[in-house]
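I opened this notebook to record what I looked up about one protein chain. The entries cover fold, cores and one pocket.

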Amino acid sequence: MAGDRLVLIVDDDATLRDMLVEQLNVGSEFLASAAATLSDARALLLGGTLRYEAVLLDVGLPDGNGRDFCRELRLAGLKMPIIMLTGSDGESDVVSGLDAGANDYIAKPFRLAELLARLRAQLRAFDSSDDASIAIGPYQFRFSERTLLRRRDNRRIRLTEKEAAILRFLSRAGQKPVTRDRLLDEVWGFQNDVSTHTLETHIYRLRRKIEPDPHRITLLITEGGG
């Protein structure tokens, strides 16, 4: 799992909110921030420049209902994992939260270890979906939007369908080398007329877009045979 996953905690209980921020920021796995109201959360999630990868959302907030806000986020197109926090775990409450678009529901008081386990599970599931945001060098890559966002200056790079497919497959392979034939099969399927020259052309254009210095390759590295 990538380090410094951005998590937003939305809860009006200052003690709980501060504890969660402190505990999630231990180590390099998460980078947590907090909001005490739906108004503040709305500004961060819908109007801000940061792209949060998960939300811990209280049901009862001073300026509205967390379930309604969850539904609002989904209607706005945000697909990151949302875990509802509530003082009630009755069946109707759980069903209402899930129907609003929440991925999970956990009742207060809860054990921190359980919350973290559920958060990690939701992030793992999200990472395997097309909606995931993946860290690649200085960029955040979102396959569903075919874009790379450079974090330091918010520069957005648009990719073609094939360029995005190449990056997605290579990023999921991690540090393992991928052969040209395997990449051709994954990206172009069973199109017999596609040659390795086509792949090399796409890699060349992709490097021109994303490498800080196209003459000094650091992201798309070619090894013998792959």
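The entries below go from the whole chain to its cores and then to a pocket.

Basis. I worked from a predicted model, in which local features need pLDDT of at least 70 and side-chain atom pairs count only at pLDDT 80 or more, whereas totals for chains, interfaces and linings use all residues. Residues are numbered from 1 along each chain as its sequence is written, and side-chain values use heavy atoms, with hydrogens and water left out.

Entry 1, chain. I counted eight helices and eleven strands in the protein chain (DSSP runs, H or I of at least four residues and E of at least two, numbered from the N terminus). Of its 226 residues, 39% count as buried (under 20% relative accessible area, 1.4 Å probe, protein chains only).

Entry 2, cores. I looked for nonpolar cores (buried Ala, Val, Leu, Ile, Met, Phe, Trp, Tyr and Cys residues joined through side-chain atoms within 4.5 Å). The largest has 24 residues, and Phe141, Leu148, Leu159, Ile166 and Leu167 have the most contacts inside it (contact: heavy atoms within 4.5 Å). Strand E9 (139-142) and helices H6 (161-173), H7 (180-188) and H8 (196-210) each supply at least two residues of this core; the largest share, six residues, comes from H6. A second, separate core of 22 residues includes Ala35, Val55, Leu78 and Ala102.

Entry 3, surface. I noted that the protein chain exposes about 12,200 Å², with carbon and sulfur atoms supplying 48% of it (Shrake-Rupley method, 1.4 Å probe).

Entry 4, lining. Which residues are the closest to the centre of the second largest pocket? I found Leu45, Arg51, Leu78, Arg142 and Glu145, of 19 that line it (a pocket is an open set of points on a 1 Å grid over the protein atoms alone, where a 1.4 Å probe fits, with protein on both sides within 12 Å along at least five of seven lines; lining residues have an atom within 4 Å of a point).

Key: Buried < 20%, exposed > 50% of the residue type's maximum accessible area, 1.4 Å probe, protein only.
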